[in-house]
Amino acid sequence: MDPITPRAPGLTGAVVLSQFWRDLVFVHWRVDASEVAPLLPPGIVPDEFDGSSWVGLIPFEMEQTRVLGRVPVGYFGTFTEVNVRLYGVDRHGRRGVVFSSLEASRLAAVLTARAAFSLPYQWARAASVRRGSDVAYRSHRLDGSGAMSRVRAATSTTPAVGELAEFLTARWTLFVERRGRTLIMPNEHDTWALFDADLVDLDESLLAAAGIRSVGRREPDSVLYSPGVRTLFGAPAAV
């Protein structure tokens, strides 16, 4: 199995997308691998740390989106996003992220990401507020389901260290299911600047909507914050 390394191995092909991710809050819970396994694409099994798989709720601001790493999309590439993500491994031992859902406040971005990359984006009213060291996010899905999230965290300047923080954030592959096949998208960015954070407020139903019903109403097992990174994505390829 690939080692967990905080530094990206680097893209070997063309850049198809670049984005800047700002003010990320990583809220994570332990979850039994048996609950995660049915939600992963074909050929992907749960990745585990300390005897558990993990599920994350990660709100942030998306900015400076560029197609092919060069062509800016302006207004349509700047929005609030909230994603629910799982962690998997393919048969080659490559570790990656699986997005169960991604809330976004730009309908054009939702439709484009679904069509071009088969990512499960959902249109939502979503916004953030930054006050001092506190950052707060809210989202409400616009499909009538009532799925929502409200997250507020107090950030700090205390560096987050340890193997768990790297396990949850040092991910250089995205697994995507398209028409019954599993594709991978490589990504690259600078090493995370990660800091400890305290959860001030949390109310959400996105985890249950994504199929994870065991953890959303209990305290998370990890809360981290990052001011952000610029991220590059390579083209999807079959596993």
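**Notes on the core and the charged pairs**

1. Let's start with I212. Setting aside neighbours within four places in sequence, I212 is in contact with V31, E35, V36, L39, V55, L86 and L207. Keep in mind as you look at it that this is a predicted model.

2. Now for the core that I212 belongs to. The largest nonpolar core has 62 residues, and the ones touching the most other members are W21, V25, V55, L57, L119, Y121 and I212. Strand β1 (residues 15-31) gives this core its largest share, 9 residues. As background, nonpolar side chains in soluble globular proteins tend to be buried together.

3. On to the charges. How many salt bridges are there? The count comes to 12 salt bridges. Some of the charged residues join up in a group: R22, D23, E63 and R130 are linked in a network of salt bridges.

4. Have a look at D47 and R171. They form a salt bridge, with the closest N and O atoms 3.0 Å apart. This pair links distant parts of the chain, 124 residues apart: D47 is in the loop between β2 (45-46) and β3 (53-67), while R171 is in the loop between α3 (163-169) and β10 (173-178). Both D47 and R171 are buried.

5. E103 and R141 are worth finding too. Their side chains meet in a salt bridge at 2.6 Å, N to O. Here again the pair links distant parts of the chain, with E103 in strand β6 (residues 95-104) and R141 in strand β8 (residues 134-141), 38 residues apart. Are these two buried or exposed? E103 counts as buried because its relative accessible area is 0%, under the 20% cut-off. R141 is buried as well, with a relative accessible area of 8%.

6. Then compare R218 and D221, whose side chains meet in a salt bridge of 3.0 Å, N to O. R218 has a relative accessible area of 34%, so this residue is partly exposed. D221, with 36%, is partly exposed too.

7. Last, R106, which sits in the loop between β6 and α2 (107-117). What is the nearest side chain of opposite charge to R106? It is E61, 7.8 Å away, and R106 has no salt bridge even though R106 is buried. A salt bridge needs the nitrogen and oxygen atoms within 4 Å, so E61 at 7.8 Å does not make one with R106. Which residues does R106 touch, then? Leaving out residues up to four places away in sequence, R106 touches Y75, F76, T78, F79 and W123.

Methods. Residues numbered from 1 in each chain as written. Predicted model: local features only at pLDDT ≥ 70, side-chain atom pairs only at ≥ 80, totals over all residues. Heavy atoms only, no water. Helix = DSSP H or I, 4+ residues; strand = E, 2+ residues; numbered from the N terminus. Buried < 20%, exposed > 50% of the residue type's maximum accessible area, 1.4 Å probe, protein only. Lys, Arg positive; Asp, Glu negative; His and termini not counted. Contact = heavy atoms within 4.5 Å. Core = buried A, V, L, I, M, F, W, Y, C linked by side-chain atoms within 4.5 Å.
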